[in-house]
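Work through the exercises below with the model open. Try each task before reading its solution.

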Amino acid sequence: LTAMGEPGMDPTISSPDSTAQQDSLFSMMDVFLISLITGLFTYWFFFRKKKEEVPDLPKMQSVAAPVRDSSFIEKMKKTGRNIVVFYGSQTGTAEEFANRLSKDAHRYGLRGMAADPEEYDLSDLSRLSEIDKSLAVFCMATYGEGDPTDNAQDFYDWLQEADADLSGLRFAVFGLGNKTYEHFNAMGKYVDKRLEELGAQRIFELGLGDDDGNLEEDFITWREQFWPAVCEHFGVEATGEESSIRQYELVVHTDVNMNKVYTGEMGRLKSYENQKPPFDAKNPFLAQVTENRKLNEGGERHLMHLELDISSSKIRYESGDHVAVYPANDASLVNQIGEILGTDLDTIMSLNNLDEESNKKHPFPCPTSYRTALTYYLDITNPPRTNVLYELAQYATDAGEQERLRKMASSAAEGKALYLSWVVEARRNILAILQDMPSLRPPIDHLCELLPRLQARYYSIASSSKVHPNSIHICAVTVEYETKTGRLNKGVATHWLKNKVPDQNGSSSLVPMYVRKSQFRLPFKPSTPMIMIGPGTGIAPFIGFIQERAWLKQQGKEVGETVLYYGCRHEHEDYLYREELARFQKEGVLTQLNVAFSRDQAEKVYVQHLLKKNKENVWKLIDEGMAHIYVCGDARNMARDVQNTFYEIVSEFGNMSQPQAMDYVKKLMTKGRYSLDVWS
């Protein structure tokens, strides 16, 4: 305002008229500016106040809720637990073992809880010593090529980066693996070694379970030595015999709104009626089967090609990924269980956890019917584990049958042998056991509590998203075999998929699915040569790989040598994708097609024999062409034989000793130039 009379202003503004105008203007400007400043100040005052209050909100929340949901320590203190059993589980077995160990604890005057590492902050392990007689047990499965399971990935990352002092932590590890895989029990071994490096005290030796042998027996053998070691360490004794303790209580719903009842959904109620992305294990997408054709021309087996429509899902996949499908159990098996137990399968019920503090409120989505539980949620086709037999024994009214069940569930050598022969090798599922033990008639709710969850089945995707962005292709063979008891056992998922007939309406062609990412990837540069080895349905990912290379070639990209080693039993019976492969070869995308027909001659010929036959060319591609090698299929025999063949080729043409050749191949794996997608 003082600037109005400052020197340097125009001297002509000094006449009486102009002075009057100036006075009038001054008073108007004065009022306007004062009003403006007042308004701005008021606005600033309130705006500033809000800005200052924002940072206080989290502080207020933290004062109101000092106990973090992610703190297993606080939960253990609150519920009086001193043993926590973490599980890294992909198929549910490690979780099952963790639950069994946590239930064991009560026999020794201790209290245990099973815990999913994904739900907690594992840096709290350093605080476990705050709890008297505390112990952390880890049941860790190894997945893929030595990888952690999905739910243990964060824990694995933390272990790698952590510099925590775990000197007060007491621990034990049981690993779940499979000896047919290159990195047997890698996760269990790593957790055991890393915890010790961080200062933790191992109170019992690492257990190594082998699913290629008898995983259940490995676990029982480890467990029966583990608990005495715990007793000795803490100076406690067993309080008595194992007793059956129910984890869930049955609630039967006589008057329930059917809109609140689960009918097979994996997570959110009505998620199959109201589909919302993103789609994953807890929220699968219902894909329509648009094609289901038989691939083989003859033979006893049924090999099939299915196409799933994902056009409305926003699901993205890459060549080499896996598709997971949630199957349903055969209705006739479900009905037979209902009949033998004299149960109305359409009863609506809930199984509620008796431990109110547990994160797991129900063993499967509830409320639901027994029929739904036995069809979509529970595994009724695999031989039950020994803990199930032990719990069921109390319901056998015949003394001989009860003793037999208890013996098979014991850790005695005779009992283990009986379980192996009568249950495992005879492939007796729960229905077969009920049929062969007429006095065994457990309550269906307890049976539902004991049976493990029905797991998703994984298939290597047999298509490229570059060519088929709106569909996912599956290549599978139906599993069917006669057991030692003369029963015909059928694979749950493959028989269910076989009956998925494409139609425009209805649920008969819908498949709940999601995509699981894989490390099985095409070379970054399209010009890099590829050697693919995939007999039988192991050809699946390579159909996707070759499709993608054909697409890249059409885009004008330089595509490297693409070599396939494929094998089947008979040329005119089960030569899968014969026409497609011939077309790719004719177009020049597939530069070599080597096919082994194992049973078309007196002496069996497999893919490894063809690799040996072409060993000079194979070595040239690896050594000079920097080729990437891909192996897909059976882990137990084929993948091992193929790997041994590569050792021989490398040794011969690389002028290396056998140990040097093995090291060379291992380095190819480390560099991502030798990839496996195998199963046992």
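**Exercise 1. Strand S19 and its partners**

Which residue in S22 does Met 530 stand opposite? Then place S19 among its neighbours.

Solution.
- Step 1. Note that the model is predicted. Met 530 stands opposite His 628 in S22.
- Step 2. Look at the pairing with S22, residues 628–634. S19 and S22 run parallel and are joined by four bridges.
- Step 3. Turn to S20, residues 562–568. S19 pairs with S20 in the parallel sense, over four bridges. Here Ile 533 stands opposite Tyr 565.
- Step 4. Follow the chain from S19 to S20. The path goes through helix H16, residues 540–554. This β-α-β crossover is right-handed.
- Step 5. Check the faces of S19, residues 530–533. Met 530 and Met 532 lie on one side, Ile 531 and Ile 533 on the other. All four are buried, and both faces of the strand are covered.

**Exercise 2. Helix H9 and its surroundings**

Explain why helix H9 is largely enclosed by the rest of the structure. Then describe the sheet among its packing partners.

Solution.
- Step 1. Count the buried residues. H9 spans residues 370–377, and six of its eight residues are buried, so the rest of the structure largely encloses the helix.
- Step 2. Name them: Tyr 370, Thr 372, Ala 373, Leu 374, Thr 375 and Tyr 377.
- Step 3. List what they pack against. The partners are strands S8 (248–252), S12 (348–353) and S13 (368–369), plus helices H8 (331–340) and H14 (444–450).
- Step 4. Order the strands. S8-S12-S13 form an open sheet with antiparallel pairing. S8 and S13 are at the edges with a single partner strand each, so one side of each has no neighbour in the sheet.
- Step 5. Zoom in on S12 and S13. Two bridges hold this antiparallel pair. Met 349 stands opposite Thr 368 in S13.

**Exercise 3. Aromatic pairs**

How many aromatic pairs are there? Characterise two of them, then find a ring cluster.

Solution.
- Step 1. Apply the cut-off: ring centres within 6.5 Å. The count is 27 aromatic pairs.
- Step 2. Take Phe 138 and Phe 155. Their centres are 5.5 Å apart, with 5° between the planes, and the pair is stacked. Phe 138 belongs to strand S3 and Phe 155 to helix H5, 17 residues apart.
- Step 3. Check burial. Phe 138 has a relative accessible area of 0% and is buried. Phe 155 is at 3% and also counts as buried.
- Step 4. Take Tyr 326 and Tyr 514. This pair is tilted: 6.1 Å centre to centre, 40° between the planes. Tyr 326 sits in the loop between S11 and H8, and Tyr 514 in S18, so the pair ties together parts 188 residues apart in sequence. Both tyrosines, Tyr 326 and Tyr 514, are buried.
- Step 5. Trace the cluster. Ring pairs link Phe 97, Tyr 108, Phe 174, Phe 204, Phe 219, Trp 222, Phe 226 and Trp 227.

**Exercise 4. Charges over rings**

Which ring does the charged end of Arg 406 sit over? Find another arginine placed over a ring.

Solution.
- Step 1. Arg 406 sits over the ring of Tyr 390, its charged end 5.4 Å from the ring centre.
- Step 2. Arg 428 lies over the face of Trp 422, at 3.9 Å from the ring centre.

**Exercise 5. Confidence**

What is the mean pLDDT of the chain? Locate two stretches with pLDDT below 50.

Solution.
- Step 1. The mean is 89, and 89% of the residues reach 70 or more.
- Step 2. Residues 1–29 fall below 50; beyond near neighbours in sequence, the stretch has eight contacts in the model.
- Step 3. Residues 42–68 are also below 50, with three contacts beyond near neighbours in sequence.

Definitions and conventions: Residues numbered from 1 in each chain as written. Predicted model: local features only at pLDDT ≥ 70, side-chain atom pairs only at ≥ 80, totals over all residues. Heavy atoms only, no water. Buried < 20%, exposed > 50% of the residue type's maximum accessible area, 1.4 Å probe, protein only. Contact = heavy atoms within 4.5 Å. Phe/Tyr/Trp six-rings, centres within 6.5 Å; stacked < 30°, edge-to-face > 60°. Lys NZ or Arg CZ within 6 Å of the ring centre and 35° of its normal. pLDDT = per-residue confidence, 0-100. Pairing = 2+ DSSP bridges. Right-handed = clockwise from strand over helix to strand, strands pointing away.
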